[in-house]
Amino acid sequence: MTMPTEQDRVLIFDTTLRDGEQSPGATMTHEEKLEIAELLDDMGVDIIEAGFPIASEGDFAAVSEIAMRSKEAVICGLARANVKDIDRCWEAVKRAGKPRIHTFIGTSPLHRQIPNLSMDQMADLIHDTVTHARNLCDNVQWSPMDATRTEHDYLCRVVEIAIKAGATTINIPDTVGYTAPRESADLIRMLIERVPGADEVVFATHCHNDLGMATANALAAVEAGARQVESTINGLGERAGNTALEEVVMALKVRNDIMPYQTGVDTSKIMNISRRVAQVSGFPVQFNKAIVGKNAFAHESGIHQDGMLKNPQNFEIMRPEDVGLAASSLPLGKHSGRAALKAKMTALGYDLADNQLADIFVRFKELADRKKEVFDEDLIALMGAASEAHDRLKVKFLRVICGTEAPQSADLTLTIDGVDQQVTATGDGPVDATFNAVKVLFPHTARLNLYQVHAVTGGTDAQATVTVRMEEDGKIVTGQSSDTDTVVASAKAYVNALNNLIVRREKTKPEAI
Ligand SMILES: CC(=O)SCCNC(=O)CCNC(=O)[C@H](O)C(C)(C)COP(=O)(O)OP(=O)(O)OC[C@H]1O[C@@H](n2cnc3c(N)ncnc32)[C@H](O)[C@@H]1OP(=O)(O)O
Ligand SMILES: CC(C)C(=O)C(=O)O
Ligand SMILES: [Mg+2]
């Protein structure tokens, strides 16, 4: 790969804290804004639009503090085309290591009617306000709001005026998300070709997503010569939002073969900031959102899961770690197949033979038809049920009498090879009485050499897990069971060990000649 030249470098301008916050309901607190600004600075965003200082005392305070705390990023504030806004903006950003004033006015026929100015009056105002901003700050961005619906000749005229008045960045907003990729590119190309002095400034693109084309329009503008992309985390912003920062940055990284441009963003920090912005703005990320959606690296269908297990590149064009995710996920559901089930069972510690996998797969599909997602706990329970189905011994009923008066007794019914058998036995405590009852119903010579109880959860209703280990003729088997009743868990663990012993006996039986 060749080293980036200046022409390859695309500046990333983040406006989550200004345009993003303009989404109805997305207001962030002062502390939250400071935190997001710090995350943006740390991830290598070039310019942070921290707010609109004239809008409120709170916005002014946030922009001022973000400016004071900034490290590498340029800190920018927004201002309308008037001296009061621009002065207030400068007051807020001037403490930044790298301050920028961003001033704008709507230039389209419709927008010129908002302040009710003629073309000439507006041209004069642009000249005066950009000059004023440039006298305060040597880094000035100017935007003709609604540029994509502005007459080309007039747009060229006002862009030239802004450049002559000292603007260093010319931003071309598609304020209402109206343009389409080819048109977006043609507009930037036209301005660069026609406007005198265009080669001395950076052209920026600022797109909205009303027709779902914000990212495509921004990338088309880059291909035509724009070298600053304005965007927000998770695509937050007015109405349907702005270009999503993560989409532009990852598109340029993944398709660098056809879009050979570099950004300074550390993409491994994307997931973290996406989650924080979703939390603080209260705008959840849609599950299937590109790059940062919950499902962006998740595969449920069997054919895709099998392909992923064979080679992740079969179904993923970027690595999860490149966006800060630990790994892709293969959630199990009704569309999953044997390959993913086997991989999950192996991860859970089950080494399944082919016939066991076939058996559990049938049970899994039955469950998946009833449930949206089958979790690890469901599979463990399915395994328990599957192994119990083949057991020769089952605990059917148990009642113990225990307390200060000896002897303690256990009334036990075991189902042995499908037939219920009942006995009452005594012992030194309820567990001993229960084990004696098992021995009466299923006589054996195995010696108990471990009995262990531990609580799975806290509280008096905790699940107890009992482990039993026994030995017969050198064959060691273990049994385990959980129940909120410790004696029931003990009976089931003991019976589980005996079932395992029966299987071992069968396996080690000498072959008949
Ligand atoms: C496309 C964009 O994202 S633009 C940014 C939009 N963001 C915001 O508006 C958020 C912050 N805004 C605010 O807090 C308020 O609107 C304020 C403080 C800026 C202004 O509040 P108010 O003085 O009460 O005015 P109000 O919001 O009602 O109307 C906007 C005024 O700004 C004028 N105006 C709008 N854009 C511009 C501009 N670029 N340059 C100069 N004047 C402008 C309008 O003509 C109108 O003025 P008028 O009252 O003389 O007709
Ligand atoms: C202020 C400008 C740049 C804006 O947000 C827009 O036009 O969408
Ligand atoms: Mg905007």
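Visitor: Which residues does His-208 touch, not counting residues up to four places away in sequence?

Guide: In this predicted model, His-208 touches Asp-174, Thr-175, Val-176, Gly-177, Ala-214, Gly-237, Glu-238, Arg-239, Ala-240 and Asn-242. The position of His-208 is in the loop between strand 7 (202-207) and helix 8 (214-223).

Visitor: Why does His-208 count as buried?

Guide: A residue is buried if 20 or more other C-beta atoms lie within 10 Å of its own. His-208 has 25 C-beta neighbours inside 10 Å, and therefore counts as buried.

Visitor: Asn-242 is among the residues that His-208 touches; is Asn-242 buried or exposed, and why?

Guide: Asn-242 lies in the loop between strand 8 (228-231) and helix 9 (245-254). Its 32 C-beta neighbours inside 10 Å are set against the cut-off of 20 or more, so Asn-242 counts as buried.

Visitor: What does UniProt list for "binding site"?

Guide: An unreviewed UniProt entry lists Asp-19, His-206, His-208 and Asn-242 under that term.

Visitor: How do you know that they cluster in space?

Guide: The four listed positions are spread over 224 residues of sequence, yet the largest C-alpha distance is 10.4 Å.

Visitor: What makes Leu-11 partly exposed?

Guide: Leu-11, found in strand 1 (residues 11-14), has 18 other C-beta atoms within 10 Å. A residue is buried at 20 or more and exposed at 12 or fewer; the value for Leu-11 falls in between, so Leu-11 is partly exposed.

Visitor: Which residues is Leu-11 in contact with, leaving aside its neighbours within four places in sequence?

Guide: Leu-11 is in contact with Asp-46, Ile-47, Val-202, Arg-227 and Gln-228. In addition, Leu-11 and Gly-264 are 7.6 Å apart in space, C-alpha to C-alpha, although 253 residues separate them in sequence.

Visitor: Why are helix 2 and helix 3 called oblique to each other?

Guide: Helix 2 (residues 57-69) and helix 3 (residues 83-93) pack at an angle of about 40 degrees, with their axes 7 Å apart. Angles under 35 degrees count as roughly parallel and those of 65 to 115 as roughly perpendicular. The angle of about 40 degrees fits neither class, and the pair is therefore oblique.

Visitor: Which residues make the contact?

Guide: Helix 2 contributes Phe-60, Val-63, Ser-64 and Ala-67, while helix 3 contributes Arg-88, Ala-92 and Val-93. These residues divide into 5 nonpolar, 1 polar and 1 charged.

Visitor: How is the chain divided into domains?

Guide: The division is into domain 1 (7-281), domain 2 (302-388) and domain 3 (391-508). The C-alpha centres of domain 2 and domain 3 lie 33 Å apart.

Note on methods: Residues are numbered from 1 along each chain as its sequence is written. Chains are lettered from A and ligands numbered from 1 in the order in which they are written. This is a predicted model: local features need pLDDT of at least 70, side-chain atom pairs count only at pLDDT 80 or more; totals for chains, interfaces and linings use all residues. UniProt positions are given in the numbering used here, feature names are shortened, and annotations may be inferred rather than shown by experiment. Helices (H or I, at least four residues) and strands (E, at least two) are DSSP runs, numbered from the N terminus. Two residues are in contact if their C-beta atoms, placed from the backbone, lie within 7 Å. Domain bounds come from an automatic or database domain assignment. Axes are lines fitted to C-alpha atoms, for helices over the stretch in contact, and angles run from 0 to 180 degrees between N-to-C directions. Angles under 35 degrees count as roughly parallel, over 145 as roughly antiparallel, 65 to 115 as roughly perpendicular and the rest as oblique. Ala, Val, Leu, Ile, Met, Phe, Trp, Tyr, Cys and Pro count as nonpolar, Asp, Glu, Lys and Arg as charged, and the others, Gly among them, as polar.
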